[in-house]
Amino acid sequence: MTAPVPNIAMILAGGTIATTSASRVDLSAYHETGTRLKAADLLGGLPELDAIAAVTAVDFRQRSSTAITVADWLELRALVGSLLVEHDAVVLAHGTNTLEETAYFLDLCVPGDRPVVVVGAMRPPSALSSDAALNLLRAVQVAVSSDARGQGVLVAFNEQVFLARDVVKTSNQRVDAFGAPDAGPVGFVDSTGHVRIDRRRTQRGPSFDVASLGDLPRVDLVVSHVGADEVLVDAAVAAGARGIVSVGTGAGRATPLEDHALARAAQAGVVVCRSSRVAAGTVVPTPGTAGLVAGRGLAPWKARVLLSLALTVTADPAEIQLLFDQA
């Protein structure tokens, strides 16, 4: 008797992977002029999936990933959680611009061992040499792999597999658009579809229950540069930010004027997290930054996600630092 294939839910949340254009060489204007596909349309073009899994199409909402909001995240988390009750894994097709942020949010908020795999595309399905169909096929292959179980949220892109914590978008044009500058991929999918996870995750990091929340605390990013002053820091505080991620130069250094403003913000009860605009490396606590949270190796926009979630349980910088240390 043939063993049953895994039962997978594929959520479509929009993006390039679900947009088509009348021109096969349209690689840039399709968002404005193209047609949005439904989840069933994507699956209908991939009969090869039938031999791998029983895939259920689930439409979330069609929008550019630049339009994703916290409310969308909270609803998406609830949807993923409900689908994992009756499915062996979930694949989320998402726009690439904020894919890494959504993946990391879900990684911090979706409990359990069943795989969640996030995927996108850099070229629409209508384009010459589109990566959409193959990326989706590979994502399902990762989702049904026993190696994916217990690894938290994974990102499958261009036949590589990344942890949600590590992955960042590294190109706005090429199909090899995602990487992990410090950690690298944790696995690969070879040309036969075989999934190989070489580096297994030993610790999931912090986890947050957001089921009862309607929003998350406001956290703003302030990017440092030559001549940066206190204006943006003070504006964030005035706008009601409960946290600020300072995107510093080098190992997280801000300008003197920014430092003064960040100190004032911290005195006022705003939690300040230090991160870096540099693509690789870590930001660590130092004697001169007592009372501020060190973002460790998280990209600034991911530090923002973690800080916002941390603020739902505590406003103590020392306790929040422990969460960043575990991330």
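Q: At what angle do helix 6 and helix 7 pack in this predicted model?
A: This is a predicted model, and helix 6 covers residues 231–238 while helix 7 covers residues 256–267. Their axes sit 8 Å apart. The angle between the two helices is about 20°.

Q: Are helix 6 and helix 7 roughly parallel or roughly antiparallel?
A: Start from the packing angle of about 20°. Angles under 35 degrees count as roughly parallel. So helix 6 and helix 7 are roughly parallel.

Q: Which residues of helix 7 are met by Val233, Asp234 and Val237 in helix 6?
A: The crossing of these two helices, helix 6 and helix 7, is right-handed. On the helix 6 side, the contacts come from Val233, Asp234 and Val237. Across from them, in helix 7, are Ala261, Leu262, Arg264 and Ala265.

Q: Which strands stand at the edges of the open sheet with the order 13-14-15-16?
A: This sheet has four strands, and the pairing is parallel. An edge strand here has a single partner strand, so one side of it is left without a neighbour in the sheet. That description fits strand 13 (219–223) and strand 16 (293–294).

Q: What is the bridge partner of Val219 in strand 14?
A: Strand 13 and strand 14 (residues 243–248) run parallel and are joined by five bridges. Val219 has its bridge partner in strand 14. That partner is Gly243.

Q: Which strands are at the edges of the open sheet of eight strands?
A: The order in this sheet is 4-1-5-6-7-8-11-12, with mixed pairing. Two of the strands each have a single partner strand, so one side of each is left without a neighbour in the sheet. They are strand 4 (54–59) and strand 12 (195–197).

Q: Which residue in strand 5 stands opposite Ile8?
A: Strand 1 (residues 7–12) pairs with strand 5 (residues 89–93) in the parallel sense, over five bridges. Opposite Ile8, in strand 5, stands Ala89.

Q: At about what angle does helix 5 run to strand 6?
A: Helix 5 (residues 132–144) lies across several strands, including strand 1, strand 4 and strand 12. Strand 6 is also one of those it lies across. Helix 5 runs to strand 6 at about 165°.

Q: Is Thr16 buried or exposed?
A: Thr16 lies in the loop between strand 1 and strand 2 (19–20). It touches residues including His31, Met122 and Pro124, and its side chain makes a polar contact of 2.7 Å with that of Tyr30. The relative accessible area of Thr16 is 7%, and the cut-off for buried is under 20%. So Thr16 is buried.

How values were computed:
Residues are numbered from 1 along each chain as its sequence is written. This is a predicted model: local features need pLDDT of at least 70, side-chain atom pairs count only at pLDDT 80 or more; totals for chains, interfaces and linings use all residues. Side-chain values use heavy atoms; hydrogens and water are left out. Two strands pair if DSSP finds at least two bridges between them. Contact means heavy atoms within 4.5 Å. Axes are lines fitted to C-alpha atoms, for helices over the stretch in contact, and angles run from 0 to 180 degrees between N-to-C directions. Buried means under 20% relative accessible area, exposed over 50%, partly exposed in between (1.4 Å probe, protein chains only). A polar contact is a pair of N or O atoms within 3.5 Å; within protein, one must be able to donate a hydrogen and the other to accept it, and residues adjacent in sequence count only if both atoms are side-chain atoms. Angles under 35 degrees count as roughly parallel, over 145 as roughly antiparallel, 65 to 115 as roughly perpendicular and the rest as oblique. A crossing is left-handed if the near helix is turned anticlockwise from the far one by less than a right angle, and right-handed if clockwise. Lists of a residue's contacts leave out its neighbours within four places in sequence.
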